[in-house]
Amino acid sequence: MRVWLRIPLAAVATLVLVAVGASVTRQLAGGAISVALAVPLLVWLGLETGVMEGAIGAAVVGILLDGAAGGPWGLVTFLSVVVFLGVRVAASPFDARSTLGFTILSALATFAMGFGAVLLLRYVAPEGAAPGWGLLGRVLVEALLTGLAAPPIRWVLDRLLVTAQREPAGVLR
Amino acid sequence: MFSLLRRYREVIVVAVLVVVPLGVFLAHARHPGDRTALDRFVLVATWPIEKGVDWAVTGVLEGWQRYVWLRGVENSARDLSRTVNELRAENAELSQLQAENERLSQLLLFVKSRPDVRAVGAKVIGTRMDPKGLQLVTIDRGSEDGIRKMMPVVTAAGVLGRVHTLTPHAADVLLLSDRNSSIAVRVERSRARANVRGQGAPGPCRLEYALRSDDLIEGDELVTSGTDGVFPRGLPVGVVHQVKRGGHGLYQASEVNPAVDVNRVEEVMVLVSADPPGAQPAAQAPAR
């Protein structure tokens, strides 16, 4: 019961984090910088949930992020599931549940999502409409800021999405 | 078959979750359409949260700026305080000027209402109301301004006193509240005559020589009768305050509240062309 509750709770948390991110960046920098507050949620799913639950949760989060991003459909959903899997893979060799580990993973995941989005969009977009590599600087800043914001988000998620069962890291068992 | 599916359930689900979005993306990325229902749902769902967060963040930031991060506020407050003090001083000065303007306007109106008299305006520059001595105020006009002894001194409210001592550029005015001052008056309502004598202190004067049979009630207004040789007729002197009729005697006694508050006089008019002060002062002879 608790396990299945986490997916809708993750969806709600995504909406809240998207809204908070949009509002905070507007307040602090007027949109000059961005922060992807929902990515630590994907990292949290990768660390704290099982493969099935986490993958579905990541897909739900991705769908909502796709809706919030307003870009081509499926891009962020795909990247979210990939990031979730990446976290599970990356978390296995070290203690990613520490605060520092969570922070680094969140920053890397954010950068990976940004980088992946730029790559895929450059691949599909027509010449001239494709995002430039200059966007990667902005992605890097976004990754750093998201990493900094990750610990408090994790603190909230730990209390909101009750940890039901910690499963061993790795994609397959 | 089913056992195989069950065995690789996780792999299959994950693969579907990866491949389907990617396929959808690749299929539609080159032809982006309008916003879908889900886009609109996300917008609708996040809008109130954004608004709430915006309200909260704004509150926090404003609270921080207003109540915590007060660097430079002390200097600013000091500057503002100085400005406020300067403006207050300026305001006080302007208020004073306005009040003075009003008083002078009233004096002017008073003089204009009495075409039979010519007046010289003066400022009160000193007061001496020692209970052991005379009740005097000093004005900044003297004999060189055409002022002579015994000339009546008035304000817009009424009689203040008469010129007592003269110098070329200043004069002492004996107030109606002095014990040596006696002004012949008439009751405005009943035309009954009497004298108003000071009691040696700012405040109520005494009504003298009012016949017991005269019609006199509390609240009666008293004006100069013009019979004392000092004050022209019709200047307000005061209001009857307490009437005391004894069981016997020729006169009735009363207190009079002067029309002029001698403690607050600042500008006065000396009536230089009123009846010449040749007659015996009322202080030395009753009006009747």
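This note goes through the interface between chain A and chain B and then the two largest pockets of what is a predicted model.

1. The two chains meet through 37 residues of chain A and 29 residues of chain B, and together they bury about 2800 Å², of which 77% lies on carbon and sulfur atoms. On the side of chain A, Met52(A), Trp73(A) and Val124(A) lose the most area to chain B, and together they account for 22% of what that side buries.

2. Polar links across this interface are quickly listed: the rule finds 0 salt bridges between chain A and chain B, and the count of residue pairs in polar contact, with both residues at pLDDT 80 or more, is 1. The elements of chain A that give two or more residues to the side touching chain B are α1 (2-29), α3 (51-69), α4 (75-91) and α5 (99-124), with α1(A) giving the most, at 11 residues. By class, that side of chain A has 28 nonpolar, 6 polar and 3 charged residues.

3. The largest pocket has a volume of about 1000 Å³, and among its 40 lining residues Ser34(A), Val35(A), Ala36(A), Ala69(A) and Glu142(A) are the closest to its centre. Both chains take part in the lining, since at least two residues each come from α1, α3, α4, α5 and α6 (135-160) of chain A and from α3 (37-68) of chain B; α5(A) gives the most, with 6 residues. The lining comprises 25 nonpolar, 9 polar and 6 charged residues.

4. The second largest pocket holds about 400 Å³ of space, and α1 and α6 of chain A each supply at least two residues of its lining. Of the 17 lining residues, Leu17(A), Val20(A), Leu37(A), Ala149(A) and Ile153(A) are the closest to the centre, and by class the lining has 16 nonpolar, 1 polar and no charged residues.

Key:
Residues numbered from 1 in each chain as written. Chains lettered and ligands numbered in written order. Predicted model: local features only at pLDDT ≥ 70, side-chain atom pairs only at ≥ 80, totals over all residues. Heavy atoms only, no water. Contact = heavy atoms within 4.5 Å. Buried area = accessible area lost by both parts, 1.4 Å probe. Salt bridge = Lys/Arg side-chain N within 4 Å of Asp/Glu carboxyl O. Polar contact = N/O pair within 3.5 Å; in protein donor to acceptor, adjacent residues only side chain to side chain. Helix = DSSP H or I, 4+ residues; strand = E, 2+ residues; numbered from the N terminus. Nonpolar A, V, L, I, M, F, W, Y, C, P; charged D, E, K, R; others polar. 1 Å grid on protein atoms, 1.4 Å probe; cavity = no way out; pocket = protein on both sides within 12 Å on 5 of 7 lines; lining within 4 Å. Points joined across faces, edges and corners; volume = space filled by probe spheres on them.
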